[in-house]
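This briefing goes through one structure by topic. The ligand surroundings come before the annotated positions and the chain as a whole.

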Amino acid sequence: FCTKSPHASIPDCQTTYKAIEEINAAIRPALTDLTQNTDYFSYYRLDLYGASCPFWSEDGTCGNIACAVTTIDNEDDIPPIWRAEELSKLAGPKAAHPKNPPPAERPLSGQLGDKTSESCVIEADECDERDYCIPDDQNGRNGDYVSLLANPERFTGYAGSAAHNVWEAIYRENCFSKPSSDVSGFGISDASQAKLGFVNIMQDKAAHKLGPDSMGQPKLPEVEVDDECLEKRVFYRLISGMHSSISVHLCWNYLNQTTGTWGPNAQCFEERFNGRMERIDNMYFNYALLLRAVQKLKNYVPYYTFCASDYAQNRITKEKFLNLINLIPEEKLYDEKKMFVDGLVSREEFKIRFQNVSRIMDCVGCDKCRMWGKLQIQGYGTALKVLYDFDEDADYESLPQLRRTEMVALVNTLDRLSHSISVLPEFYEMIEAKRRAE
Ligand code: FAD
């Protein structure tokens, strides 16, 4: 993707970012319509409190400092409602998952309110050996349904060693050996990053309208045929791109703790991306991968049941989904056929590493962050499942059935990336304006 490597999925870097921005502008309204105006895509089920953090506690519960919400500096000086612990909590009505009886006999919980069609929300418990994530129902607890609309991804104040430990554990799951100069702190040196095929997107800033010069990093060495296999690079980019999108959202919807108002914070953005534009690059990469996965569902969605006993909503949800898919150009931005062909990394290993990341999400100590973290990891896992286990031209009956949580995660993860990419120009403009004023 956008590298000179012969493995690159996208041969023409000059046009890729521009193409993605144009596609994104075209599909954004349909994507927003799907995620915000359907019950199906606006609730997510997850085991928020049941699963223990398997990584750094001895007694199986996540009592470690790493799982706590780290409070922001001078927390005592700010009103309780703006404190990290408060910001981390989930809002809105929650529905507990009905246990045991077969789907047809399940009583609907009725906790999501009269306006929500619960047949579009409550799902059967099934898992599949092809899953890239650990389904939350595997623990036998089944989880709760939470509203994504009532809990926007935004600043929560979750930071410090707690958050860093989790990110570190996640990055450790990618299979790179520790290089000598580890500038990222997580085992990826600048030299390795260049080798991995990162391209300074600011080099092509003029063509892609990506922002002010001061955001650029020193030109990275020309990318050569490298000794890191494509699968490892893809794994790293998926994680890094997800991390970037989370950062964009928390900076975009940031709480000014002096005034109590929410809004974009250019300094927050600059601190995370200045000189590290490859992190933005990875978000574009993820977008291309997810878009391809959604595109691949073109012949699948017409047969899929979204709301078992609500005919009207089933039809409307399907129409909105197909409307989105039909806006995606035929041309592929990500070519899945290039992965897993030379046998260096098997699909099985890739899947196991991905499942481990999905387990690490249980160590995220802030509820809202955990919810969005779990959703996005499941979204990427579902995209991989669709890319590598789905034959586009096969009959619906012979394809693996996607669970509701997978569908919801896939579409909402694309929406997260889409929103991140759509707000980048505003961040660049704010930074540019700040520079001019200095
Ligand atoms: P961090 O973002 O914690 O990064 C740690 C280190 O990782 C950096 O020092 C850098 O070396 C490296 N790094 C950073 N970005 C990248 C990248 N894109 N690619 C590669 N390496 C990178 N906070 C919120 O306010 N709201 C949320 O919704 C939220 N969700 C979260 C979800 C998860 C799963 C996790 C683990 C944390 C979440 N956080 C959230 C916390 C947030 O991600 C940061 O950890 C926090 O804001 C502190 O940021 P930081 O600047 O210290 O660096």
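## Ligand shell and annotated sites

In this predicted model, 25 residues surround the ligand, and those that come nearest are Ala163, Ser240, Arg279, Cys369 and Gly373. Two of the topics below rest on UniProt annotations from an unreviewed entry, one for "active site" and one for "binding site".

**Shell around the ligand**

- Three helices each supply at least two residues of the shell: α4 (160–172), α7 (230–252) and α12 (367–389).
- Helix α7 provides the largest share, with six residues.
- Sorted by class, the shell holds 12 nonpolar, nine polar and four charged residues.

**Positions listed as "active site"**

- The unreviewed UniProt entry lists Cys366 and Cys369 under "active site"; Cys369 is also among the residues that come nearest to the ligand.
- Cys366 sits in the loop between α11 (347–360) and α12, whereas Cys369 lies in helix α12 itself.
- Cys366 counts as buried because 26 C-beta neighbours fall inside 10 Å, and the cut-off for that class is 20 or more.
- Cys369 is likewise classed as buried, since 22 other C-beta atoms lie within 10 Å.
- Not counting residues up to four places away in sequence, Cys366 touches Val69, Ser88, Thr156 and Tyr158.
- With the sequence neighbours up to four places away again left out, Cys369 touches Ser88, Thr156, Tyr158 and Val364.
- Ser88, Thr156 and Tyr158 therefore appear in the contact lists of both cysteines, under the 7 Å C-beta criterion.

**Positions listed as "binding site"**

- In the unreviewed UniProt entry, "binding site" covers Arg154, Thr156, Trp167, Ser240, His243 and Arg272.
- Among them, Ser240 is one of the residues that come nearest to the ligand, and Thr156 is in contact with Cys366 and with Cys369.
- Trp167 belongs to helix α4, one of the helices that supply at least two shell residues.
- Trp167 counts as partly exposed because it has 17 C-beta neighbours inside 10 Å, which falls between the limits of 12 or fewer for exposed and 20 or more for buried.
- Arg272 is located in helix α8 (residues 266–273).
- Arg272 is partly exposed, as 17 other C-beta atoms are within 10 Å.
- Apart from neighbours within four places in sequence, Arg272 is in contact with Ser247 and Cys251.

**Gln313**

- Gln313 is placed in helix α10 (residues 311–327).
- With 17 C-beta neighbours inside 10 Å, Gln313 is classed as partly exposed.
- Once neighbours within four places in sequence are set aside, the contacts of Gln313 are Asp39, Ser117, Cys120 and Cys307.
- Gln313 and Met371 are 58 residues apart along the chain, and their C-alpha atoms are separated by 25 Å.

**The chain as a whole**

- The protein chain contains 13 helices and five strands.
- Of its 438 residues, 41% are buried.
- Among contacts in the protein chain with a separation of 6 or more, 77% join residues 24 or more positions apart.

Note on methods:
Residues are numbered from 1 along each chain as its sequence is written. This is a predicted model: local features need pLDDT of at least 70, side-chain atom pairs count only at pLDDT 80 or more; totals for chains, interfaces and linings use all residues. A residue is near a molecule or strand if its C-beta atom, placed from the backbone, lies within 6 Å of it. Helices (H or I, at least four residues) and strands (E, at least two) are DSSP runs, numbered from the N terminus. Ala, Val, Leu, Ile, Met, Phe, Trp, Tyr, Cys and Pro count as nonpolar, Asp, Glu, Lys and Arg as charged, and the others, Gly among them, as polar. Two residues are in contact if their C-beta atoms, placed from the backbone, lie within 7 Å. UniProt positions are given in the numbering used here, feature names are shortened, and annotations may be inferred rather than shown by experiment.
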